[in-house]
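Colleague: Could you take a close look at one helix crossing in this model for me? Once that is clear, I would be glad if you walked on from there into the surrounding architecture.

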Amino acid sequence: MDVSAFLNQVKRSPHYEGQIVHDEALPGRGASFGELDAPLDDCLREALRRAGIHRFYSHQAAAVNAARRGDHVITVTSTASGKTMCYNVPVLDDLLANPLHRALYIFPTKALAQDQLGKLAAMRLPGLRSATYDGDTPREDRRALKTRASIILTNPDMLQVSILPYHSTWSGFLRNLRWVVIDEVHTYRGVFGSHVANVLRRLRRVCAHYGANPQFLFSSATIANPDELVRRLAGVEATLVDEDGSPSGPKRFVFWNPPPIGSGDAGRRSTNMETTGLFSALMEEGVRTIAFAKARQTAEIILRYARNVLQKQGDGLESKVTSYRAGYRAADRREIERRLFNGDLLGVVSTNALELGVDIGGLDACILNGFPGTIASTWQQAGRAGRGSAGSLAILVAQDNPLDQYLMGRPNWFFGRAHEHALVDPDNLHILRGHIRAAAYELPLTDDDTRFFGLGMALAAKELEEAGELRRAGDCLAYAGSRYPAGDLNIRSAFGDAFNVEVTPGGEVIGTVPIENVQFTIHPGAIYLHMGDSYIVEDLDVPRKTAFVRRTDVNYYTQPRESNAVDIRRQESSKRVARTEAFFGDVNVTNMVLGYRRKQHYSDSVLSVVDLDMPPITFETEGVWFVAPGWAAERLAEDGVDIGAGLHAIEHAAIGLTPLWAMCDRNDIGGVSYSRHPELQLPAVFIHDAHPGGVGISERCFEILEPLLRATREHIAACPCTSGCPSCIQSPKCGNNNEHLDKDAALIILDMLL
């Protein structure tokens with residue numbers, strides 16, 4: 001595409017009001033190549049030649065050489081840099097030479113596994129059979145796969161719930177398991193990563209039982225700590241390959257900030273509408289475009305808006321756009337992937353489900369509806385656009401929140417910033433207990449198993465034994481239950497299973513919702529959006545884990561209102577931060593959905609506020625908190641400063657900026673502020689992990705609290721609004737509807753504390 005021509009056209013539009021606040025030109029780069037230390041199998045070399053691969057990029061050659069030396073390897077290079085070759089080549093070369101050897105490929109999604117299966121099949125290598133083993137695999141095919149497949153492609157969920165508990169039926173495969181490939185390893189962070197770390201430890205333990213010690217090959221988008229991440233995930237030391245030798249075309253990366261409404265205190269123009277305008281304009285120019293949204297609901301809203309805009313053009317473009325997200329049925333996702341790859345679709349609005357390496361053909365432009373939460377994800381999503389040496393366009397459309405607005409004012413900070421650290425905590429006791437229970441079912445536990453699970457195993461096993469879930473048999477601990485415990489583990493969540501969304505009448509299940517999101521997205525009266533259509537939730541049947549919805553046509557969507565409270569369970573650490581004290585420890589968090597707002601499509605104005613009577617959810621997690629010392633509280637009170645409103649504003653802004661330091665999403669963290677906390681008897685602000693047990697986010701906040709607070713103060717002061725707005729101190733998650741906030745008080749308190 002002609003990027004400059006498109007941007008100039010946008011600037012001439014009557015709707016353009018200076019939204020482009022930064023335009024970064026990223027140069028292309030040529031390829032650099034490397035050589036293998038030893039020749040490949042003739043059949044493999046011929047298959048690569050048929051695929052048009054005659055030379056290896058330097059990073060591919062380095063990864064293949066390290067793998068063939070026997071090293072565990074992690075390859076960390078850009079999107080579309082050919083990382084697949086880094087693990088396929090050494091694995092296939094070995095399997096051709098040793099037909100009894102086996103390989104296990106683990107992908108975070110079924111779509112990725114299906115995509116890679118097609119690429120393996122296209123190589124047509126003699127004697128090698130590859131197959132996916134996931135929830136969509138017909139039961140009649142599963143037995144044959146265990147004995148005949150050279151390569152099994154699966155996901156962590158299937159590994160933990162269907163392979164490891166029944167390892168005796170996989171004994172031949174596991175005994176000969178030579179390779180374990182883990183693709184998109186950067187996605188294994190937070191709760192999901194902590195679960196996967198324990199699944200991989202269970203895998204290594206079962207393999208050892210059969211005398212196997214497989215070699216691990218990892219691939220990842222760019223993160224700050226790839227070697228540490230794989231060490232915490234799989235308990236192995238890996239050789240790092242991160243010098244990217246692949247070519248890339250030039251890219252323009254634009255920061256687009258919606259203009260203020262009126263004086264600015266009312267916020268900025270709708271991010272969804274700005275994204276829709278750009279997305280529709282690109283499609284009208286015939287530019288193949290992907291728009292990323294952070295939430296399922298947002299993806300559906302933008303699809304609905306875009307179809308309405310395109311329909312008015314009268315050329316049928318509205319049929320060339322769709323949405324893609326988790327929660328869709330497998331058949332629907334496969335059909336969308338096929339249409340994208342074949343060029344039947346010109347545009348797609350997706351959650352991060354398409355951030356990963358599913359081959360959907362060449363795209364020319366990418367729009368990010370809000371900062372994805374991490375620099376790594378931003379570059380990963382932007383990298384989906386770009387074909388060969390041709391130019392491409394990426395546009396980050398800012399949302400009206402502290403994080404996005406911080407970046408809009410500091411684009412050079414973003415482009416010069418190192419990637420974040422991926423946080424994973426395999427020792428999280430809340431998560432570890434479930435996996436120790438599952439491991440004991442697979443094989444009785446012994447003291448020697450601490451080499452796989454670490455020292456936390458002893459405490460988890462002791463608690464399970466005292467609860468009667470494990471029983472001692474000599475020097476071993478065996479599982480004492482009657483049903484297999486892996487079935488009770490939801491590794492995508494620390495809370496539990498998902499709920500179905502069922503249409504009435506008819507009973508068709510159109511999607512699923514993780515249990516931790518149920519109260520917020522499918523409460524009675526909520527509007528559930530699916531492929532551009534609206535459904536209203538008529539009933540939430542908790543025992544059956546089902547929300548019953550009815551198709552409707554309304555001009556609004558819903559947004560929950562919530563309230564939080566935090567109690568301190570145990571203080572673990574404390575330190576001086578400037579002129580105050582900060583603490584880290586275990587806390588109890590109570591969340592409650594108070595009701596919801598009906599917000600009009602397009603304008604986002606609040607049509608009505610509805611109250612709900614929902615039960616609270618309480619869980620244990622980790623938190624960091626800091627206080628306004630007694631002397632400060634007294635002085636602020638004497639000066640007439642509203643301490644509660646100021647701390648409330650600080651809480652919102654600090655939480656909003658936290659993802660800049662911790663590799664997390666805004667929804668991974670929560671917070672509460674108190675003008676006087678009942679236990680501390682002082683004004684306080686809490687920031688906590690939003691997952692049971694915690695996954696290291698608040699601990700990271702404790703480490704960097706002073707620079708976080710200084711950045712918070714800088715951002716609030718720099719915002720041009722007069723009394724506070726969504727760009728600085730207001731939060732879309734505030735249960736108090738962003739009432740009782742004071743921007744000036746926040747600055748006074750921060751100046752006093754810092």
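Modeller: Happy to, and one term has to come first: a crossing is called right-handed if the near helix is turned clockwise from the far one by less than a right angle, and left-handed if the turn is anticlockwise. Please keep in mind that this is a predicted model.

The crossing I would pick is that of helix H21, residues 630-638, with helix H25, residues 743-753. Two numbers are the usual way to describe such a pair, since packed helices are described by the angle between their axes and the distance between the axes. Here the axes come within 11 Å and cross at roughly 145°. By the definition above, H21 passes H25 in a right-handed crossing. On the H21 side the contact involves Trp631, Ala632, Arg635 and Leu636, and these meet Ile748, Ile749 and Met752 of H25. Sorted by class, the contact has 6 nonpolar residues, 1 charged residue and no polar ones. The spacing of such contact residues has a simple background: an α-helix has 3.6 residues a turn, so residues three or four places apart point the same way.

Now let us step back to the whole chain. Its secondary structure comes to 25 helices and 29 strands. A compact globule of 754 residues would have a radius of gyration near 27 Å, and the 26 Å of this chain agrees with that. Along the principal axes, the C-alpha atoms fill a box of roughly 80 × 70 × 55 Å. Of the 754 residues, 57% count as buried. Among contacts with a separation of 6 or more, 74% come from residues 24 or more positions apart.

Helix H14, residues 375-382, shows burial on a local scale: 7 of its 8 residues are buried, so the rest of the structure largely encloses this helix. The buried ones are Ile375, Ala376, Ser377, Thr378, Gln380, Gln381 and Ala382. Their cover includes strands E11 (251-256), E12 (289-293), E15 (365-369) and E16 (392-397), together with helix H16 (411-415).

Next come the sheets. One is an open sheet of 7 strands with parallel pairing, in the order E6-E7-E5-E8-E9-E4-E10. Its edge strands, E6 (130-132) and E10 (239-241), each pair on one side only. From one strand to the next, the twist averages 15°. Inside this sheet, E8 (177-182) and E9 (215-220) pair in the parallel sense over 4 bridges, and valine 180 has phenylalanine 216 in E9 as its bridge partner. Helix H3, residues 58-68, packs on the sheet and touches E4 (73-76), E8, E9 and E10, with its direction at about 170° to that of E4.

Another open sheet has 5 strands with mixed pairing, in the order E20-E19-E23-E22-E21. E20 and E21 (527-530) stand at its edges with a single partner strand each, so one side of each lacks a neighbour in the sheet. The twist in this sheet averages 35° from one strand to the next. Helix H12, residues 296-311, lies across E20, E21 and E22 (533-541), running at about 65° to E21.

The hairpin in this sheet has some backbone detail that may interest you. E19 (498-503) and E20 (509-514) pair in the antiparallel sense over 5 bridges. Glutamate 502 stands opposite valine 509, and asparagine 500 stands opposite threonine 512. With 5 residues between the strands, the hairpin includes glycine 506 at a positive phi near 120°. Proline 505 lies in that same E19–E20 loop, and a cis peptide bond with omega of about -5° joins threonine 504 to proline 505.

Two non-glycine residues with positive phi are also worth checking on screen. Alanine 578 has a phi of about 55° and sits in the loop between E24 (556-577) and E25 (580-600). Its relative accessible area of 27% makes alanine 578 partly exposed. Aspartate 604, with phi near 65°, lies in the loop between E25 and E26 (606-611). Buried would mean under 20% relative accessible area, so aspartate 604 at 21% counts as partly exposed.

Conventions
Residues numbered from 1 in each chain as written. Predicted model: local features only at pLDDT ≥ 70, side-chain atom pairs only at ≥ 80, totals over all residues. Heavy atoms only, no water. Axes fitted to C-alpha atoms, helices over the stretch in contact; angles between N-to-C directions. Contact = heavy atoms within 4.5 Å. Nonpolar A, V, L, I, M, F, W, Y, C, P; charged D, E, K, R; others polar. Pairing = 2+ DSSP bridges. Rg over C-alpha atoms; globule rule 2.2 N^0.38 Å. Buried < 20%, exposed > 50% of the residue type's maximum accessible area, 1.4 Å probe, protein only.
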